[in-house]
Amino acid sequence: MEAIVENNTFKIGGELEVNRLGYGALHTTGRGGYGNPENKESIINVLNKTNDLCVNFIDTADSYGPYISEEIIAEALYPYNNKTVIATKVGYERPNGSWIINNDPKRMRKALEGSLKRLKVEQIDLYQLHRIDPLIPLSEQIGFLAEVQKEGLIKHIGLSEVNLIQLQEAMKHAKIASVQNQYSYGNRKWDDVLDYTTDNDIAFIPWYPLDAGSVYGKQKLEIIASKYGFSSHQIALAWLLHRAKNIVVIPGTSNLKHLEENVVAGHIPLSTSDMDYLNSAL
Ligand SMILES: NC(=O)c1ccc[n+]([C@@H]2O[C@H](COP(=O)([O-])OP(=O)(O)OC[C@H]3O[C@@H](n4cnc5c(N)ncnc54)[C@H](OP(=O)(O)O)[C@@H]3O)[C@@H](O)[C@H]2O)c1
């Protein structure tokens with residue numbers, strides 16, 4: 001069976017061209033996205049290696065650390081090469097490590113100022129609402145993002161963990177360039193949102209693409225992995241990249257070898273019969 005030919009890049013918002021194998025920066029901090037990383041030097045090495053390997057889409061959030069992830073990204077990668085696209089998020093506060101949503105526009109503006117400063121940029125490439133705040137009208141939350149976009153402080157607007165109704169509602173108030181929802185080979189809860197984003201040329205950025213390292217549905221993945229001499233983690237990423245042309249994956253790692261393996265996964269051609277086999281019931 002012929003290999004499926006995949007596009008290796010996607011244009012976020014129709015213009016920011018990124019390698020579809022990106023990097024998730026949750027692990028540039030301490031455990032649970034809180035505090036300093038155990039080994040800062042090795043994280044800096046991993047981030048530098050993303051540059052060498054042409055991984056040019058980096059996903060972070062002001063709440064990772066908090067603040068530490070954005071700082072460490074700038075420390076490693078600034079001045080950025082002109083192909084680097086950094087996506088950050090706003091919405092969570094981290095009192096004592098907990099995750100509290102607060103999308104009060106005044107607070108978000110302060111948070112944005114902080115992200116711009118820490119990332120050392122004048123404009124955020126992709127600014128994602130980490131969660132919709134159930135206590136504030138959605139129109140106000142998206143209205144804030146549209147306002148700072150107009151001011152030139154952010155280039156594109158993204159959402160995270162939204163259902164189809166929320167996405168369509170948000171699209172009435174601003175152009176939405178990306179959706180970041182939990183999705184993986186073994187967790188396809190958001191198939192409807194993914195299909196909608198594919199049809200509307202919106203980037204779909206699955207978080208936990210490796211189920212935080214556990215990789216659900218391992219049995220079938222391992223069969224394909226052993227057929228080609230790859231790992232089940234690599235096949236899980238390759239499956240995502242074959243699942244839809246608008247998927248940009250952001251596996252998180254603090255390990256250089258894993259980063260290299262993930263980059264290889266970005267080039268694994270799965271055949272139609274491999275995909276049929278993987279897509280049949282888990
Ligand atoms: N929007 C949201 O609400 C949300 C929520 C969570 C995460 N995120 C984003 O999504 C990104 C991905 O999520 P995640 O990093 O938590 O989970 P993940 O990518 O599903 O899995 C990361 C785990 O897999 C391991 N790993 C990575 N590559 C591997 C490989 N080739 N072989 C074996 N193990 C490998 C890593 O360990 P090593 O360090 O040992 O490699 C790490 O423990 C985050 O970094 C963050 O940017 C967003």
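Let's start with one residue: Asp191 is partly exposed, with a relative accessible area of 26%. We'll get back to its partner shortly. Keep in mind that everything here comes from a predicted model. Below you'll find the overall build, then the salt bridges, then two residues to look up, and finally some unusual backbone spots.

**The big picture**

- If you count the pieces, the chain has ten helices and eleven strands.
- The radius of gyration is 18 Å, close to the 19 Å that the globule rule gives for 282 residues, so this chain is as compact as a globular protein of that length.
- Measuring along the principal axes, you could fit the C-alpha atoms into a box of roughly 55 × 45 × 35 Å.
- Buried residues make up 53% of the 282 in the chain.
- Take the contacts with a separation of 6 or more: 74% of them are between residues 24 or more positions apart.
- The accessible surface adds up to about 12600 Å², and carbon and sulfur atoms own 50% of that.
- There are 28 positive and 34 negative charges, and their mean positions sit 1 Å apart.

**Salt bridges**

- How many salt bridges does the chain have? The count comes to twelve.
- Back to Asp191: its side chain meets that of Arg243 in a salt bridge, at 3.0 Å from N to O. Arg243 belongs to helix α8 (residues 232-243) and Asp191 to helix α6 (residues 191-199), so this pair ties together parts that are 52 residues apart in sequence.
- Arg243 also has a salt bridge to Asp195, at 2.9 Å from N to O. Here again helix α8 holds Arg243 and helix α6 holds Asp195, so the pair ties together parts that are 48 residues apart in sequence.
- Are these side chains buried or exposed? Arg243 is partly exposed, with a relative accessible area of 23%, and Asp195 is partly exposed too, at 35%.
- Now look at Asp274 and Lys227, whose side chains form a salt bridge at 2.6 Å, N to O. Asp274 is in helix α10 (residues 272-279) and Lys227 in helix α7 (residues 218-228), so they tie together parts that are 47 residues apart in sequence.
- Asp274 has a relative accessibility of 1%, so it counts as buried, the cut-off being under 20%.
- You can also find a network of salt bridges that links Arg109, Glu147 and Glu151.

**Two residues to look up**

- Ile86 sits in strand β5 (residues 85-90), and it is buried, with a relative accessible area of 6%.
- Which residues does Ile86 contact, leaving aside neighbours within four places in sequence? They are Ile58, Thr60, Ile73, Tyr80, Leu119, Ile124, Asp125 and Leu126.
- Along the chain, Ile86 and Phe57 are 29 residues apart, and their C-alpha atoms are separated by 6.0 Å.
- Leu164 is part of helix α5 (residues 164-171) and is partly exposed, with a relative accessible area of 23%.
- Not counting residues up to four places away in sequence, Leu164 touches Asp192, Val193 and Tyr196.
- For Leu164 and Ala225, the gap is 61 residues in sequence and 33 Å in space, C-alpha to C-alpha.

**Unusual backbone spots**

- A bit of background first: most residues other than glycine have a negative phi, and most peptide bonds are trans.
- Gly65 and Pro66 are joined by a cis peptide bond, with omega at about -10°. You'll find Pro66 in the loop between β4 (57-59) and α2 (68-77).
- Another cis peptide bond links Tyr78 and Pro79, with omega at about 0°. Pro79 is in the loop between α2 and β5.
- Lys120 isn't a glycine, yet its phi is positive, near 60°. It lies in the loop between α3 (105-119) and β8 (124-129), and at 48% relative accessibility Lys120 counts as partly exposed.
- Val215 isn't a glycine either, and its phi is positive at about 55°. Its place is the loop between β11 (203-204) and α7, where Val215 counts as buried at 3% relative accessibility.

Notes. Residues are numbered from 1 along each chain as its sequence is written. This is a predicted model: local features need pLDDT of at least 70, side-chain atom pairs count only at pLDDT 80 or more; totals for chains, interfaces and linings use all residues. Side-chain values use heavy atoms; hydrogens and water are left out. Helices (H or I, at least four residues) and strands (E, at least two) are DSSP runs, numbered from the N terminus. The radius of gyration is taken over C-alpha atoms; the globule rule is 2.2 Å times the number of residues to the power 0.38. Buried means under 20% relative accessible area, exposed over 50%, partly exposed in between (1.4 Å probe, protein chains only). Contact means heavy atoms within 4.5 Å. Accessible areas come from the Shrake-Rupley method with a 1.4 Å probe; for residues, only the protein chains shown count as cover. Lys and Arg count as positive and Asp and Glu as negative; His and the chain ends are not counted. The place of a charge is taken as NZ of Lys, CZ of Arg, CG of Asp or CD of Glu. A salt bridge is a side-chain nitrogen of Lys or Arg within 4 Å of a carboxyl oxygen of Asp or Glu.
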